[in-house]
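This briefing is for a reader meeting the structure for the first time. Please look over the sequence and the model before reading on.

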Amino acid sequence: MKTIIFFIALIYPVLSFAAASDISVTKRSADAYILTPAYATNIGLFNTAKGVVLLDPMPGENQLETLNALVNSIFGKQVSYILNTHAHSDHSGGNAYFIAAGSEFIQSAAALAEIDMVTVKSHSADDAIFLHTPSNTIFVGDIYTTNWHPTFYAGGVAGFVAAVDAILSLGDDHSVIVPGHGAPSDKQQLKLFRQNTLQWVAQVKVLSEQGLTVSEIKDHAEIQRILRKFNPENNADYIPQPAIERFIERTLTVIEKGI
Ligand SMILES: [Zn+2]
């Protein structure tokens, strides 16, 4: 026990120091920012007529105070409202911290004149897409990621295609698309992601029908080629091998369900 306490005491100042500088800030307009903690979720920050709105506040448990201080330093105000693209903890895990500090969680953006919201079923059963109209920025949660493979498990292929169509129907050709994870993108890249995802599902289906095992599908040259398209930044430690096998298994489940 003594060792553990000593260890925590030893590393905590290092973690706090790292946390302070680990949330990168992208200004879209005077009233809209994208906050990106290292290896975590893209967070939206908006100054609206009704108050400051924070979208998907989960920078990592030990960084919530840093996030709160950052918000205050940008707008000089506390967060009034919390929105989530979906309920998974890497997007909603910071809700409780801000609610305890006086913010209100809202299910809908209907009361906020600057933000349009559309609901779909793709990554989760309840996915929400938010367009901050004044800055032309669309936050799409994990319907779209630019540093990970697609995860369309709740809505299947049809739900995924409908979700992408819903995103494309918002804003215009200059809209910035903010994925749940990874670098901000645009509609052209999102269309490519949709095309690559449909190729992936078709290829997994073909190889499975040929009788290949999950492990054999993973090692297939065509599958490896498509996987590289989901890694545009060419990260060396992109997706670990077991995660690729799970992705294939979950794709097969979607194919079997015919969704
Ligand atoms: Zn996520």
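How close do the axes of helix α5 and α6 come, and at what angle do they cross? The axes of helix α5 (residues 156–168) and α6 come within 11 Å and cross at roughly 170°. The model is a predicted one. The points below take up its helix contacts, its two sheets, and its pockets and cavity.

**Helix α5 against helix α6**

- An angle over 145 degrees counts as roughly antiparallel, and α5 and α6 are therefore roughly antiparallel to each other.
- On the α5 side, the residues that meet α6 are V157, F160, V161, V164, D165, I167 and L168.
- On the α6 side, the residues that meet α5 are K187, L190, K191, F193, R194, T197, L198 and V201.
- Sorted by class, the contact of α5 with α6 holds 10 nonpolar, 1 polar and 4 charged residues.

**Helix α6 against helix α9**

- Helix α6 (residues 187–209) also packs on helix α9 (residues 241–257), at an angle of about 85° and with the axes 10 Å apart.
- Angles of 65 to 115 degrees count as roughly perpendicular, so α6 and α9 are described as roughly perpendicular to each other.
- From α6, the contact uses W200, V201, V204, K205 and S208.
- From α9, F247, I248, T251, L252 and I255 take part.
- This contact of α6 with α9 divides into 7 nonpolar, 2 polar and 1 charged residues.
- V201 of α6 appears in the contact with α5 and also in the contact with α9.

**The sheet of six strands**

- An open sheet is formed by 6 strands in the order β1-β2-β3-β4-β5-β6, with mixed pairing.
- Each of β1 and β6 (104–105) stands at an edge with a single partner strand, so one side of each is left without a neighbour in the sheet.
- Inside this order, β2 and strand β3 (residues 43–48) run antiparallel and are joined by 4 bridges.
- Y33 has L45 in β3 as its bridge partner.

**The sheet of four strands**

- A further open sheet has 4 strands in the order β7-β8-β9-β10, and its pairing is mixed.
- Here β7 and β10 (176–178) are the edge strands, each with a single partner strand, so one side of each has no neighbour in the sheet.
- On average, neighbouring strands of the sheet β7-β8-β9-β10 are turned by 20° against each other, direction ignored.
- Strand β7 (residues 115–120) pairs with strand β8 (residues 127–132) in the antiparallel sense over 6 bridges.
- A hairpin of 6 residues leads from β7 to β8.
- The bridge partner of I115 in β8 is H132.
- Strand β9 (residues 137–139) and β10 run parallel, joined by 3 bridges.
- In β10, V178 stands opposite F139.

**The largest pocket**

- The largest pocket holds about 440 Å³ of space.
- Its lining has 17 residues, and those nearest the centre are A38, Y39, A40, N147 and G182.
- Two or more lining residues of the largest pocket come from each of β1 (23–29) and β2 (32–37).
- The lining of the largest pocket has 8 nonpolar, 8 polar and 1 charged residues.

**The second largest pocket**

- The second largest pocket has a volume of about 260 Å³.
- Of the 18 residues that line the second largest pocket, N84, H86, A87, Q107 and D126 lie nearest its centre.
- β7 and β8 are the elements that give two or more residues to the lining of the second largest pocket.
- By class, the lining of the second largest pocket has 8 nonpolar, 8 polar and 2 charged residues.

**The cavity**

- Searching the whole structure finds 1 cavity of 30 Å³ or more.
- The largest cavity has a volume of about 40 Å³.
- Its lining consists of N42, L55, D56, T85, H91, F139, V140, G141, V178, P179 and G180.
- Those lining residues of the largest cavity divide into 5 nonpolar, 5 polar and 1 charged.
- F139 and V178, which line the largest cavity, are also the residues that stand opposite each other where β9 meets β10.

How values were computed
Residues numbered from 1 in each chain as written. Predicted model: local features only at pLDDT ≥ 70, side-chain atom pairs only at ≥ 80, totals over all residues. Heavy atoms only, no water. Pairing = 2+ DSSP bridges. Axes fitted to C-alpha atoms, helices over the stretch in contact; angles between N-to-C directions. Parallel < 35°, antiparallel > 145°, perpendicular 65-115°, else oblique. Contact = heavy atoms within 4.5 Å. Nonpolar A, V, L, I, M, F, W, Y, C, P; charged D, E, K, R; others polar. 1 Å grid on protein atoms, 1.4 Å probe; cavity = no way out; pocket = protein on both sides within 12 Å on 5 of 7 lines; lining within 4 Å. Points joined across faces, edges and corners; volume = space filled by probe spheres on them.
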